[in-house]
Amino acid sequence: MPPVSTTSPARTDPCQRTDHIAVGAFLGPLTVPFDVTSDDREDDADRNHDNDHDHDNDHDLPDPHNLIAAARDIQSAAHVPYSEYRVGAALETADGEVFVGCNLENANFSNSLHAEEVAIAEAVKNGHREFTRLAVSSDRRDGVTPCGMCRQTLSEFCEDDLIVFCDEGEDEGPTVYTLGDLLPNTISEETLE
Ligand code: THU
Ligand code: ZN
């Protein structure tokens with residue numbers, strides 16, 4: 001019998017904190033208050049710049065607002081003639097840079113690239129190997145999570161404590177997971193040593 005986890009990923013009440021996210025506080029998915037309108041995107045960009053130096057340590061990260069806004073914005077570049085389902089991903093590096101990706105579909109469906117794959121490829125080819133947080137968003141604001149393949153791809157470069165925000169839209173905060181919640185006990189480099 002495989003081990004059975006006793007902590008089920010049930011949602012909790014919305015968290016009241018909007019100023020920052022304490023990484024260590026997330027032991028399972030939860031929601032945080034969140035509201036993005038197109039009017040405040042410009043302000044976000046300014047704040048994002050200011051936030052570049054806000055990483056006092058790994059346990060005190062800026063509000064995820066800008067990361068989710070970036071995952072929403074890149075959806076306009078998605079190539080989705082088959083599913084018409086736009087996905088955006090924004091991956092934050094340990095030094096506060098953000099790399100984005102969107103889904104790029106192919107007439108040979110299995111050749112399609114997922115948003116998270118494109119984002120992590122962009123980050124890694126630019127020399128980044130340490131990541132803190134990921135936001136994923138679809139144009140339906142349906143809380144889409146990274147698929148199984150993307151979870152495995154992320155696990156190649158990210159630790160189990162990577163925070164994953166899944167965009168539920170304006171009325172609800174994002175659902176928050178860790179990569180370890182989404183993909184426990186997976187194969188890794190250590191497995192092959
Ligand atoms: N998709 C992603 O981009 N990321 C995921 O992990 C879930 C699925 C895309 C692939 C396809 O273009 C569309 O969503 C429908 O599956
Ligand atoms: Zn995927």
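How many Å lie between an oxygen atom of ligand 1 and an N or O atom in the side chain of His-114? The separation is 3.5 Å. Keep in mind as you explore that this is a predicted model.

## Around ligand 1

Let's stay with the ligand for a moment. His-114 is one of the residues around ligand 1, and the others are Ser-83, Tyr-85, Val-87, Asn-103, Glu-105, Ala-115, Glu-116, Pro-146, Cys-147 and Cys-150. By character, this shell divides into 6 nonpolar, 3 polar and 2 charged residues.

Two further side chains in the shell are worth finding on your screen. In Asn-103, an N or O atom of the side chain is 3.0 Å from an oxygen atom of ligand 1. In Glu-116, a side-chain N or O atom is 2.8 Å from a nitrogen atom of the ligand. On its own, ligand 1 has 380 Å² of accessible area, and the protein covers 80% of it.

## Strand 6 and its neighbours

Next, look for strand 6, which spans residues 131–138. Is strand 6 enclosed or open? Since 8 of its 8 residues are buried, strand 6 is largely enclosed by the rest of the structure.

Strand 6 has pairing partners to follow. With strand 4 (residues 87–93), strand 6 pairs in the antiparallel sense over 7 bridges. Within this pairing, Ser-137 of strand 6 stands opposite Gly-88. Strand 6 also runs parallel to strand 7, and 4 bridges join the two. Here Leu-134 has Val-164 as its bridge partner in strand 7. To get from strand 6 to strand 7, the chain passes through helix 4 (residues 148–157), making a right-handed β-α-β crossover.

## Strand 7 up close

Strand 7 covers residues 163–166. Which way do its side chains point? Ile-163 and Phe-165 point one way, while Val-164 and Cys-166 point the other way. All four of these residues are buried. As a general pattern, side chains in a regular strand alternate between the two faces of the sheet.

Strand 7 is also joined by 4 bridges to strand 8 (residues 175–178), and these two run antiparallel. Val-164 appears again here, standing opposite Tyr-177 of strand 8.

## A covered helix

Now turn to helix 2, made of residues 65–73. This helix is mostly covered, with 8 of its 9 residues buried. The buried residues are His-65, Asn-66, Leu-67, Ile-68, Ala-69, Ala-70, Ala-71 and Arg-72.

## Ser-188 and its contacts

Our last stop is Ser-188, in the segment that follows helix 5 (179–182). Why does Ser-188 count as partly exposed? Its relative accessibility is 24%, and partly exposed residues are those between the buried limit of under 20% and the exposed limit of over 50%.

The side chain of Ser-188 makes a polar contact of 3.1 Å with the side chain of Glu-190. Ser-188 and Ser-155 are 33 residues apart along the chain, and their C-alpha atoms are separated by 7.5 Å.

Note on methods:
Residues are numbered from 1 along each chain as its sequence is written. Chains are lettered from A and ligands numbered from 1 in the order in which they are written. This is a predicted model: local features need pLDDT of at least 70, side-chain atom pairs count only at pLDDT 80 or more; totals for chains, interfaces and linings use all residues. Side-chain values use heavy atoms; hydrogens and water are left out. A residue is near a molecule or strand if one of its heavy atoms lies within 4 Å of it. A polar contact is a pair of N or O atoms within 3.5 Å; within protein, one must be able to donate a hydrogen and the other to accept it, and residues adjacent in sequence count only if both atoms are side-chain atoms. Accessible areas come from the Shrake-Rupley method with a 1.4 Å probe; for residues, only the protein chains shown count as cover. Ala, Val, Leu, Ile, Met, Phe, Trp, Tyr, Cys and Pro count as nonpolar, Asp, Glu, Lys and Arg as charged, and the others, Gly among them, as polar. Buried means under 20% relative accessible area, exposed over 50%, partly exposed in between (1.4 Å probe, protein chains only). Two strands pair if DSSP finds at least two bridges between them. A crossover is right-handed if, with the strands pointing away from the viewer, the path from the first strand over the helix to the second runs clockwise.
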